[in-house]
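Let's take a friendly walk through this structure, one region at a time. Keep the 3D view open as you read.

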Amino acid sequence: MVPTMIPCISIGIILCMVSVGVVAGSPKHDHLFPLFEEDEILHTTMFDRDFLLKNQSSSPSDWWIGASEEIRKIAMRTDIVEWMKLVRRRIHMNPELAFEEEETSRLVREELEGMHIDYRFPVAMTGIRAILGTGKPPFVALRADMDALPIQEAVEWEFKSNNPGKMHACGHDAHVAILLGAARILKAREEHLKGTVVLLFQPAEEAGNGAKRMITEGALENVEAIFGVHVSHFLPAGVIGSRPGAMLAGCGFFKVTIVTMADHGNVLLATSAAVISLQGIVSRESDPLDSQVVSVTFFESDLDDTPNHAEFGGTIRAFSRDNFQRLFNRIEEIVVGQSKVYGCTATTDFQIFGNSKDAIYPPLLNNIKMYQHIKRTAEDLLGESNFQVVEPLMGAEDFSFYTEIVPASFFYVGIRNETLGSVHSGHSPNFMIDEEAIPIGAAVYASIAERYLQDPCI
């Protein structure tokens with residue numbers, strides 16, 4: 001996920017860091033189900049069967065109660081929980097950047113082969129498209145991103161990154177473990193699937209628009225709905241969060257080049273005037289209840305007393321395509337106009353920022369019916385108290401490309417645990433997760449897919 005605030009295309013975030021010690025092992029969680037034997041699982045707080053029976057206004061069917069119990073049993077089997085954690089740790093120790101996920105992709109393919117799940121590879125260089133179920137309609141997709149970040153890990157623990165300057169600092173290692181866990185659950189219940197589940201293991205979410213390339217290479221073939229997951233330090237470990245409509249902002253980058261037209265031109269004055277004027281787009285021209293961002297994050301110029309060339313640029317965020325386009329237009333109008341005042345010319349580039357081409361993510365908008373499906377499934381599976389309607393964030397995610405093709409919805413799995421030190425936001429070198437949330441995410445993911453196939457009209 002692209003963070004809310006970034007200094008340039010190289011990933012970063014302005015944070016107030018608090019050092020928290022890492023405690024070995026996992027403490028008991030009052031709000032999470034522990035690793036009980038299968039016959040004990042139904043008595044845990046999070047998976048409370050009585051909850052499923054008491055609320056007649058939204059009571060699930062007898063079929064779904066039985067399916068939920070089976071999914072819980074599989075997800076919380078000790079051997080499967082430990083396997084999911086091991087998968088996550090293996091990936092965490094060997095982080096790979098965008099379109100370089102060779103070993104991660106190989107690990108995923110080996111696990112799929114071990115489960116006798118068919119797949120197509122390569123898709124988008126290192127990506128994988130796997131299927132299970134009937135092979136016939138309806139088709140529903142689940143997605144996990146695989147790439148890491150160019151960050152040096154600061155967390156000291158047994159499974160720390162072995163690759164200097166690279167780290168799974170956004171939880172994509174957990175996303176892969178969650179999706180593989182969901183695959184194992186669904187494979188165990190394959191005879192109950194009333195259609196086909198497509199599993200997408202995607203490269204290059206952080207940089208390179210891996211989702212867009214997956215789509216181009218057929219990832220959504222026959223798919224009529226897709227769901228995505230992301231871990232979140234904003235939510236307590238094991239709590240599910242989502243919202244209808246706008247969930248994450250669209251993210252774009254711009255670069256402005258200003259040069260003198262004649263001897264009397266002044267690049268520094270032109271650049272200064274342009275940057276100052278850009279600050280008024282959001283503060284003076286935008287609806288204060290409709291969040292938008294125009295942020296200048298770098299400036300470069302010659303060292304001469306009277307330079308004839310300068311560049312600056314930054315990031316744009318908005319929750320609608322209309323606002324996105326308006327911001328693009330106003331940036332160009334302002335920098336061209338201000339440059340002309342000071343005897344200069346200006347060009348704007350919204351497609352190339354540094355060395356990253358096509359670096360624009362649309363807003364992530366959750367389809368209301370798909371959101372309601374996530375909410376209903378999570379509440380029936382975990383209890384109403386373990387689902388939260390979250391606020392929209394200015395961060396960005398390339399899952400948004402899928403949402404423009406088919407009905408889609410995105411949700412969070414909480415990983416916050418102060419005792420473990422799992423409190424830092426994504427893209428922090430201190431980022432870590434509470435691994436007890438992984439089987440919860442897998443159970444929810446599998447339930448979303450199986451239940452959708454029972455009633456694709458929702």
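## The four-stranded sheet and its helices

Contact here means heavy atoms within 4.5 Å. With that in mind, start with helix α7, residues 267–285, in this predicted model. Helix α7 lies across β8, β9, β10 (309–318) and β11, and runs at about 165° to β9. Helix α8, residues 321–341, also lies across β8, β9, β10 and β11, running at about 160° to β10.

The strands beneath this heading form an open sheet of 4 strands, in the order β9-β10-β8-β11, with antiparallel pairing. At its edges stand β9 (292–301) and β11 (344–349); each has a single partner strand, so one side of each is left without a neighbour in the sheet. On average, neighbouring strands of this sheet are turned by 20° against each other, direction ignored. Strand β8 (residues 250–260) runs antiparallel to β11, and 6 bridges join the two. If you want a place to look, V256 of the structure stands opposite T348 in β11.

## The eight-stranded sheet

Now turn to another sheet. It is open, has 8 strands and follows the order β1-β2-β4-β3-β5-β16-β6-β15, with mixed pairing. Which are the edge strands? They are β1 (118–123) and β15 (387–389), each of which pairs on one side only. Neighbouring strands of this sheet are turned by 25° against each other on average, direction ignored. In general, strands of a sheet pair through backbone hydrogen bonds, either parallel or antiparallel.

Helix α5 (residues 172–188) lies across β2, β3 (139–145), β4 and β5 (225–236). Its direction is at about 150° to β3.

## Around strand β2

Strand β2 is a good place to zoom in. How many of its residues are buried? The count is 5 of its 7 residues, so by the under 20% cut-off for relative accessible area β2 is mostly covered. Strand β2 (residues 127–133) runs antiparallel to β4 (residues 196–202), with 6 bridges joining them. Among the bridge partners, I131 goes with V198 in β4, and A130 goes with L199 in β4.

β1 and β2 are joined by 4 bridges and also run antiparallel. R120 has R129 in β2 as its bridge partner, while V123 stands opposite G127 in β2. The hairpin of β1 and β2 has 3 residues between the strands, and in this hairpin A124 takes a positive phi near 55°.

## Helix α2 against helix α11

Two packed helices are described by the angle between their axes and the distance between the axes. For helix α2 (residues 62–75) and helix α11 (residues 437–454), the axes come within 10 Å and cross at roughly 150°. The crossing of α2 past α11 is right-handed.

On the α2 side, the contact is made by W63, W64, A67, I71 and A75. On the α11 side, the contributors are P439, A443, S447, E450, R451 and Q454. The residues of this contact divide into 7 nonpolar, 2 polar and 2 charged.

## Salt bridges

Side chains of opposite charge can pair when their charged atoms come close. How many salt bridges does a search of the whole structure find? It finds 24. One of the pairs is R90 with E111, where the closest N and O atoms are 3.7 Å apart. R90 lies in helix α3 (residues 78–93) and E111 in helix α4 (residues 102–114), so the pair ties together parts that are 21 residues apart in sequence. Is E111 buried or exposed? E111 is buried, because its relative accessible area is 18% and the cut-off is under 20%. R90 counts as partly exposed, at 39% relative accessibility.

R143 forms a salt bridge with D145, with the closest N and O atoms 3.7 Å apart, and both R143 and D145 are buried. In the salt bridge of R416 with E418, the closest N and O atoms are 3.1 Å apart. R416 counts as partly exposed, at 28% relative accessibility. Finally, look for R88, R89, D173 and E435, which are linked in a network of salt bridges.

Notes: Residues numbered from 1 in each chain as written. Predicted model: local features only at pLDDT ≥ 70, side-chain atom pairs only at ≥ 80, totals over all residues. Heavy atoms only, no water. Axes fitted to C-alpha atoms, helices over the stretch in contact; angles between N-to-C directions. Left-handed = near helix turned anticlockwise from the far one by under 90°. Nonpolar A, V, L, I, M, F, W, Y, C, P; charged D, E, K, R; others polar. Pairing = 2+ DSSP bridges. Salt bridge = Lys/Arg side-chain N within 4 Å of Asp/Glu carboxyl O. Buried < 20%, exposed > 50% of the residue type's maximum accessible area, 1.4 Å probe, protein only.
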